[in-house]
Amino acid sequence: MELILDIFTGICFFIGSLSIIIGACGLIKLPDVFSRIHAAGMIDTGGTAFFILGMVFQTGWSLITVKLILIGVFIFFTSPVTSHVTANLARQKNILPVGKKIGKIL
Amino acid sequence: MKSLILFLILLTLWLLMSGHYSILIISLGIFSCAFCVYVAKRGKLIDDEGLPIFFIPRLLNYLIWLFKEILKSNLSTAKVIINGKVEPETFTVKASQVTDVAKVTYANSITLTPGTVTTKMQKDVFEVHALNSDFGNDVRTNEMDNKVTWLEGKK
């Protein structure tokens, strides 16, 4: 039983670290601020979600599980706010995104 | 009524976080939760915006759908980063929600799915930046908009 849980944890950690590595590559590779925010968002959601899921497999049913899930929930609520603040600040400084604009933008 | 719900939420959080169940600790918890509710009530923070309980009945259904979307778009963002087929586009969408909380939920849901970010909002028009025209089309079909309006349940 423990072996199965260990294997699940390993798979989750593998997917999580893969998405963090791809996100970090994207942070360097993508062309401008706005595109890089997408890569950072991938680290925020995919990376943390899979890491927390992997740790939940290890703790089983206890108070620590609840705390882990709460960490996930708080990251889930706060990460879009930071992404939006970064994007909004860039727009206020009149940095226009590269690529095409469809219709009239604000 | 709303203060009672806030009190119960805070107390549950206290009990889950502390893990010590002696009478002294629990009474301290009850005291501090009651004090927090009193301060929030004095500051007139307990309204539909501070405590959106009208979300609760449909919240679980929405969250499951949102997680599925996040997983899907995580995969496609990874593909785009590896392929290097980046054609960013910026466009505006209209939000059909009534309350401010629901609008913020919609904007946050757009930002939370990788590949699309809300960069600006004015009343009920959002400016969205998408990594690729596929991500842009996902937002422009208004599927998420309809889901959040359904979650709000005011129409």
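Just after helix α2 of chain B, K44(B) takes a positive phi of about 55°, in a model that is predicted. The helix that comes before K44(B) covers residues 23-42 and holds 20 residues. At 1.5 Å a residue, α2(B) should span 28 Å, and its end C-alpha atoms are in fact 28 Å apart, so the expected and the computed lengths agree. Residue 42 is also the last residue of domain 1 of chain B, which is assigned to 2-42, while domain 2 is assigned to 55-152. The centres of these two domains, taken over C-alpha atoms, are separated by 35 Å.

The overall dimensions of chain B can be set beside this division. Its C-alpha trace spans about 60 × 35 × 25 Å along the principal axes, and its radius of gyration is 20 Å, whereas a compact globule of 155 residues would have a value near 15 Å. Buried residues make up 32% of the 155 residues in chain B. Of the contacts in chain B with a separation of 6 or more, 68% are accounted for by residues 24 or more positions apart. The secondary structure of chain B comes to 6 helices and 3 strands, and along the sequence these elements follow the pattern α-α-α-β-α-β-β-α-α.

Chain A has 3 helices and 1 strand, which run α-α-α-β from the N terminus on. A compact globule of 106 residues would have a radius of gyration near 13 Å, but the value for chain A is 18 Å, and the C-alpha trace of chain A spans about 55 × 25 × 20 Å along its principal axes. In chain A, buried residues make up 28% of the 106 residues. Among its contacts between residues at least 6 apart in sequence, 64% join residues at least 24 apart.

Helix α2 of chain A, residues 33-59, offers a further check on helix length. Its 27 residues, at 1.5 Å a residue, should span 39 Å, and because the end C-alpha atoms are 38 Å apart, the two values agree. This helix is followed by G60(A), whose phi is positive, near 75°. Within α2 of chain A lies A39(A), which is buried, with 25 other C-beta atoms within 10 Å. Once neighbours within four places in sequence are left aside, the contacts of A39(A) are G23(A), G26(A), L27(A), L30(A) and I81(B), a list that includes a residue of chain B. A39(A) and I28(A), 11 residues apart in sequence, have C-alpha atoms 9.3 Å apart in space.

The contact between A39(A) and I81(B) leads to the interface as a whole, where 34 residues of chain A are in contact with 31 residues of chain B. On the side of chain A that touches chain B, at least two residues each are supplied by α1 (2-29), α2, α3 (63-92) and β1 (100-101). By class, that side of chain A has 17 nonpolar, 12 polar and 5 charged residues.

The strand of chain A also takes part in a sheet with strands of chain B. β1(A) and strand β1 of chain B, residues 89-94, pair in the parallel sense over 2 bridges. In β1(B), the bridge partner of K100(A) is E89(B), and the bridge partner of K101(A) is T90(B). In general, strands of a sheet pair through backbone hydrogen bonds, either parallel or antiparallel. The open sheet has 4 strands in the order β1(A)-β1(B)-β3(B)-β2(B), with mixed pairing. β1 of chain A and β2 (116-122) of chain B stand at the edges, each with a single partner strand, so one side of each is left without a neighbour in the sheet.

Two loop residues beside these strands remain to be described. N94(A), in the loop between α3 and β1 of chain A, has a positive phi of about 60° although it is not a glycine. With 6 other C-beta atoms within 10 Å, N94(A) is exposed. In chain B, K123(B) lies in the loop between β2 and β3 (125-130), and K123(B), which is not a glycine, has a positive phi of about 50°. K123(B) counts as exposed because it has 8 C-beta neighbours inside 10 Å.

Note on methods:
Residues numbered from 1 in each chain as written. Chains lettered and ligands numbered in written order. Predicted model: local features only at pLDDT ≥ 70, side-chain atom pairs only at ≥ 80, totals over all residues. Rg over C-alpha atoms; globule rule 2.2 N^0.38 Å. Buried ≥ 20, exposed ≤ 12 C-beta atoms within 10 Å, placed from the backbone. Contact = placed C-beta atoms within 7 Å. Expected span 1.5 Å × (residues − 1). Nonpolar A, V, L, I, M, F, W, Y, C, P; charged D, E, K, R; others polar. Pairing = 2+ DSSP bridges. Domains from an automatic or database assignment.
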